[in-house]
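Student: I have a structure to go through before the group meeting. Can we take it in short questions?

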Amino acid sequence: METNYQDLYEANCKLQSINEQQRIEIDTLKLQLAQIRKMIYGSKQERFVSQTHPEQLSLGIEVETVSVNTSQPIQKINYERVQPKSNGPSNHPGRYKLPDHLERKIILIEPEGVTSSMKKIGEEITEELELEPGKLFVNRYIRPKYVQPTTEQIIIAPMMDRPLPKVIAGAGLLAQLMIDKYVDHLPIYRICERFKRENVNIPYNTMVDWVGQAINLIIPLYEVLKKKILNSDYLHADETGIKVLDKDKKGSTHQGWFWAYHNSIERMVLFDYQPTRGRAAPHELLKNYKGHLQTDGYNVYDIFKQNKDITVLNCMAHARRMFFEAQPNDAIRSEAALGFIQQLYAIERYIKDQNFTTDQIQSERQQKSVPILNQFNHWLKINLLEVLPKSPIGKAIAYTLERWKELTTYTTDGKLNIDNNPVENSIRPIAIGRKNYLFAGSHDAAVRSAMLYSLLGTCKLNNINPVTWLKNTLIAIPNHTINRLEELLPLQS
């Protein structure tokens, strides 16, 4: 029987193709398994520390030739983080000093046997931090009535303004309830249980109604914050999910989304609840926006690249994450890419330590970051041809090259950030809250939550005590003129 070598060759090619596909699938599954194990057991930190080139942190700036993989030698620029010098001696800080603003209760302990003839030569002072549980108390407003003896006209002082006149809760209590729920992430039913320990039994629905009415008071303030943020010229954008009870979905919840917009320069954050993660949500809110918009590369934001009034930036931290997760697939290339990104972040830390102006930041990046980025881009293009497109390292390289312009725009303006971390830090408290209260009671409740997260998140960015700010705002806002509401925003003057 004559052997058909052409058939054998085609069969062999087919088997090789099948084997290659299976190998890619196995590598992908291994990567997914490694990611799952890391999510469950591993550290969440993604900062890369090179094990092969510890001399990366050598003093100053210098150019040296190193081999980042077996196929292509490149030039590597080292950059050291310079620590600020301390003017004083390096002493042990000792015991934590209690803040001066705390009330001091003096407890005098005299020794036994002291006589009038003895002379005091000094004293030993010991401070102890103590706590009294929060106390509920009642404000009783008494307004005497008087009558004119001739006209018999009754005179009585007008009742002072209260945030919710028909509700027994005062401004301080309303503020604390809102902080407990939206800052400390306590579900309302847990707050009710805490009140019961003080022999004050407030029904769950009553407390929910109080919080809802108090939030309605600050809706105009939320709108002022939204207008102010959208009038800025640099925003970070991101989104995070929230489960929402929906009367149309019995036995299940709806997946809603908080869209976050963060102004890292003026320290403001805005949360906009939408029932969808589609492009309609940011497109509607940002339809009149003009300026820089930094995102994580989610494709719904690509529509803004067509808008001549908006300059889109992407996040270097997301590109870094893809190379970090590709290490089990191709350690040599992944570590080479992470080495480039590590140097870029070293420059950013140096800039932050030196408190440079925006002009100085731009100059430093043009001189130091741009050469590294050029080398990184050259390396990416060469290695793209040597890896499998569907492999983790292939996807990481393709992702970075596809968004290269958006990833490097930060070097053109000193006010811009290398990544989207500021907004991600702002949405982190929402993730903590989800673990406690699990879901929002309705779409309207999710909208109200977005308002509180916006205003209280802005408090946090400006180091303003949220309880004090919210109490004072609830007292002031009923009589505040609409054209001066911006004065009540929690912003540093």
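Student: What share of the residues in the protein chain is buried?
Tutor: Keep in mind that this is a predicted model. The protein chain has 493 residues. A residue counts as buried under 20% relative accessible area. By that cut-off, the buried share is 40%.

Student: How many helices and strands does the protein chain have?
Tutor: Both kinds of element occur in the protein chain. The count is 14 helices and nine strands.

Student: What is the strand order in the open sheet of five strands?
Tutor: The pairing in this sheet is mixed. From one strand to the next, the twist averages 30 degrees. Read across, the order is E7-E6-E5-E8-E9.

Student: Which strands stand at the edges of that sheet?
Tutor: An edge strand here has a single partner strand, so one side is left without a neighbour in the sheet. Two strands fit, residues 268–274 and residues 310–313. They are E7 and E9.

Student: Is E7 largely enclosed or left open by the rest of the structure?
Tutor: E7 lacks a sheet neighbour on one side. But six of its seven residues are buried. Strand E7 is therefore largely enclosed.

Student: Which helices pack on the sheet and touch E7?
Tutor: One covers residues 219–230 and touches E5, E6 and E7; its direction makes about 110 degrees with that of E7. The other covers residues 443–461 and also touches E5, E6 and E7, at about 170 degrees to E7. They are H5 and H13.

Student: How many bridges join E6 to E7?
Tutor: E6 spans residues 253–263, and the two strands run antiparallel. Among the facing residues, Asn263 has Met268 as its bridge partner, and His262 stands opposite Val269. The number of bridges is seven.

Student: Which residue in the hairpin of E6 and E7 takes a positive phi?
Tutor: The hairpin has four residues between its strands. The phi in question is near 60 degrees. The residue is Arg267.

Student: Which residues form a nonpolar patch on the surface with Tyr141?
Tutor: Tyr141 lies in the loop between strand E2 (73–78) and strand E3 (145–147). The patch has about 290 Å² of accessible area together. The partners of Tyr141 are Met159 and Met160.

Student: Is Tyr141 buried, partly exposed or exposed?
Tutor: Its relative accessible area is 41%. Buried means under 20% and exposed means over 50%, with partly exposed in between. So Tyr141 is partly exposed.

Key:
Residues are numbered from 1 along each chain as its sequence is written. This is a predicted model: local features need pLDDT of at least 70, side-chain atom pairs count only at pLDDT 80 or more; totals for chains, interfaces and linings use all residues. Side-chain values use heavy atoms; hydrogens and water are left out. Two strands pair if DSSP finds at least two bridges between them. Axes are lines fitted to C-alpha atoms, for helices over the stretch in contact, and angles run from 0 to 180 degrees between N-to-C directions. Contact means heavy atoms within 4.5 Å. Buried means under 20% relative accessible area, exposed over 50%, partly exposed in between (1.4 Å probe, protein chains only). Patches are made of residues with over 30% relative accessible area and no salt bridge: like charges are joined within 9 Å, nonpolar side chains (Val, Leu, Ile, Met, Phe, Trp, Tyr) within 5 Å. Accessible areas come from the Shrake-Rupley method with a 1.4 Å probe; for residues, only the protein chains shown count as cover. A salt bridge is a side-chain nitrogen of Lys or Arg within 4 Å of a carboxyl oxygen of Asp or Glu.
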